[in-house]
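Reader: Please take a close look at one part of this model for me. I would like the salt bridges, and then the setting around them.

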Amino acid sequence: LEITVGIGSLSDPRAYRPSVHTISGFGANTEFILAMERRLLAGRCTSTTLVRLVLGSLLVVDMISTVIGQGNGMGGPANGCTRQAGCITWTFTPRAATTCSPDPVEWLVCATTNFDLVGCISTSASTWSHACQQDSTTCQSSGLGFDNATITTYVDPVTSNTVQCQVGLPGTTLQWLFKDGSGCSDSTSTVVDGNTLSCAPRTSATASCTGNQVGVECIWNTQLPPAPPTFTSPPTTSPTGS
């Protein structure tokens, strides 16, 4: 499903700028599209802005941004797991162990903030309050927390396209810490390439690299899966003819 959203000045129609968004997994559900665009555009427009929503070649609605610009829309704080989830991409890469050698295989997991993602509450110019970044050249152990200054860096602020990578062995639980706004308001989970990531407000069980009290920073966790068969299966030999 492809929709076109145009934003322009009411006083100068020539300033109308269309942009195309592709939404997969949904039918032509106008109510869903309108709700989605209210969320995407809220906070980005001024009271003199025209928002034109087009479904295919059909004009669905012209709206003044005061209709859709109420509440926290884009540009609001990423002060919860659900809001942060829309602004982070994750990659899981198995590789022959170098950081965690002499073990045969390790996982490289990277979290990248991308404030230009459709559905991200932040804007490209936004910054998040801070993060506790683990060293990507250290083989991480489960439950380390973020209070070891040798392997943890305090990042302030967090901008779009910030990349935080960690390396660990299969079965290890890796953690990331992000904070924006006044706290971490909820919990969530997501699945990336079959790998589950969970997020919840920080508890006393996980130390921070800051002096923030528990509950105001969001902790992301993932338990690394077993090594892929390509790393664990013995090499095969092709049969030879007689």
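Author: Start with the term. A salt bridge here is a side-chain nitrogen of Lys or Arg within 4 Å of a carboxyl oxygen of Asp or Glu. The model is a predicted one, and side-chain atom pairs count only at pLDDT 80 or more. With that rule, a search of the whole structure finds 2 salt bridges.

Take the pair of Glu 106 and Arg 95. Their closest N and O atoms are 2.7 Å apart. Glu 106 sits in strand β6, residues 105-113. Arg 95 sits in strand β5. The two residues are 11 apart, and the pair links distant parts of the chain. How buried or exposed are the partners? Glu 106 has a relative accessible area of 0%, so Glu 106 is buried. Arg 95 reaches 26% relative accessibility and therefore counts as partly exposed. The cut-off matters here: buried means under 20%, and exposed means over 50%.

Now the other pair. The side chains of Glu 217 and Arg 202 form a salt bridge, at 2.9 Å from N to O. Both residues lie in the loop between β15 (195-201) and β16 (218-223), so this salt bridge ties together parts that are 15 residues apart in sequence. Glu 217 is at 0% relative accessibility, so Glu 217 counts as buried. Arg 202 is at 7% and also counts as buried, because that value is under 20%.

Back to the strands that carry Glu 106 and Arg 95. β5 and β6 belong to an open sheet of 4 strands. The order is β5-β6-β12-β9, and the pairing is mixed. Which strands form the edges? They are β5 (88-96) and β9 (139-140), each of which pairs on one side only. Arg 95 is thus placed in an edge strand, β5.

Look at the β9 edge next. β9 pairs with β12, residues 163-168, in the parallel sense. That pairing runs over 2 bridges. Gln 140 stands opposite Gly 168 in β12.

Finally, the wider chain. The protein chain has 4 helices and 16 strands. Of its 242 residues, 41% count as buried. Glu 106 is one of the buried residues. Take the contacts between residues at least 6 apart in sequence: 67% of them join residues at least 24 apart. The accessible surface of the protein chain comes to about 12,300 Å². Carbon and sulfur atoms account for 52% of that surface.

Conventions: Residues numbered from 1 in each chain as written. Predicted model: local features only at pLDDT ≥ 70, side-chain atom pairs only at ≥ 80, totals over all residues. Heavy atoms only, no water. Pairing = 2+ DSSP bridges. Buried < 20%, exposed > 50% of the residue type's maximum accessible area, 1.4 Å probe, protein only. Contact = heavy atoms within 4.5 Å. Areas by Shrake-Rupley, 256 points an atom, 1.4 Å probe, with all protein chains shown as cover.
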